[in-house]
Number of protein chains: 2
Amino acid sequence: MHIIRSVSDADLLFKALSDPGRRKLMDRLHANDGQTLSELCRYLDMTRQGVTQHLAVLEAANLVAVQWRGREKLHFLNPVPLQEIYDRWISKFERLRLQALGELKRSLEEGSTDPKRRSKT
Amino acid sequence: MHIIRSVSDADLLFKALSDPGRRKLMDRLHANDGQTLSELCRYLDMTRQGVTQHLAVLEAANLVAVQWRGREKLHFLNPVPLQEIYDRWISKFERLRLQALGELKRSLEEGSTDPKRRSKT
DNA sequence: TTGACATGCAAGTAGTTACTTGCATATCAT
DNA sequence: ATGATATGCAAGTAACTACTTGCATGTCAA
């Protein structure tokens, strides 16, 4: 008995990026934006339907936008959601990282105590 | 018949971040680093075992490090892998984003053509 | 030493995900 | 018009994920 799952923007975004095939599609579009479905199929070892479904996930996460040209579907990257990941997740933890680096440096200079292993006094 | 799934570092990392409960744990640790398992359990509406398993995924992705103090298991954030996401995924697409902003600005100033919707001539 | 606390390990399960196959539809070129 | 191309939609399935329950183990405090 699971409770219902959240479907926030962040969820769609991280879920979309959690598959190596989808990340590969992002990479291929980064190398050459605006490719058709058939073109993108060449890079992945699966059926066209599989690729279609992966692209649909990327679209749902707003990482890829499509534009029709006749019978062809062109795919374009939208880098904005990635920036949101940075703002929400990377930059927030950046301070912590620099702080940890500082502590490491300091403890190395002082020569002894590991900053994480201080006793409970 | 699936082929075997990749288990690269990037995969562990994105998979770890793809669950809202695990992201919540990261947030709680960000607010207060070094909490025990029992403390972290208070924030999530699931059994201790569920939380344990989520923390194990974060550990496997190297996002959380543990340290034992008697019978208590303390959890500490490691922000370094997040930086790797930035280097590999965000910064790479940053140029594209700025470029798109520039094109948008230009096309707004010129007043007419949407840069993505140019005809095939 | 005993009981309460903090945690681990193993097995079971419902729901989700990542595919597949098969068929239908629209567009382009001749 | 006809065939080749580009794609969509629906249903089926194996593997995976996110949990749960039950029991075992180690540590602390009186």
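This is a short talk on how the protein chains meet DNA strand C, with a stop at two asparagines.

Okay, so first off, keep in mind that this is a predicted model. Let's start with the DNA. Around DNA strand C we've got 25 residues, and the closest are Thr47(A), Gln53(A) and His54(A) from chain A, plus Ser38(B) and Arg48(B) from chain B. Of the strand's atoms that come within 4 Å of the protein, 60% belong to sugar and phosphate.

So which elements make up that surface? At least two residues each come from α4 (48–60) of chain A, and from α3 (37–41), α4 (48–60) and β3 (72–77) of chain B. The largest share is from α4(A), with 4 residues. If you sort the surface by class, you get 12 polar, 10 charged and 3 nonpolar residues.

Now some contacts, all on chain B. On the backbone side, Lys73(B) puts an N or O atom 3.0 Å from a phosphate oxygen of strand C, and a polar backbone atom of Leu37(B) sits 3.4 Å from a phosphate oxygen. Then there's Arg71(B), where a side-chain N or O atom is 3.0 Å from a base oxygen.

Last thing, away from the contact list: Asn62. In chain A, Asn62(A) has a positive phi, near 65°, and isn't a glycine. You'll find Asn62(A) in the loop between α4 and β2 (64–69). Buried or exposed? Asn62(A) is partly exposed, at 45% relative accessible area.

Over in chain B, Asn62(B) also has phi near 65°, in the loop between α4 and β2 (64–69) of that chain. Asn62(B) comes out partly exposed too, at 44%.

Technical notes
Residues numbered from 1 in each chain as written. Chains lettered and ligands numbered in written order. Predicted model: local features only at pLDDT ≥ 70, side-chain atom pairs only at ≥ 80, totals over all residues. Heavy atoms only, no water. Near = heavy atom within 4 Å. Polar contact = N/O pair within 3.5 Å; in protein donor to acceptor, adjacent residues only side chain to side chain. Nonpolar A, V, L, I, M, F, W, Y, C, P; charged D, E, K, R; others polar. Buried < 20%, exposed > 50% of the residue type's maximum accessible area, 1.4 Å probe, protein only.
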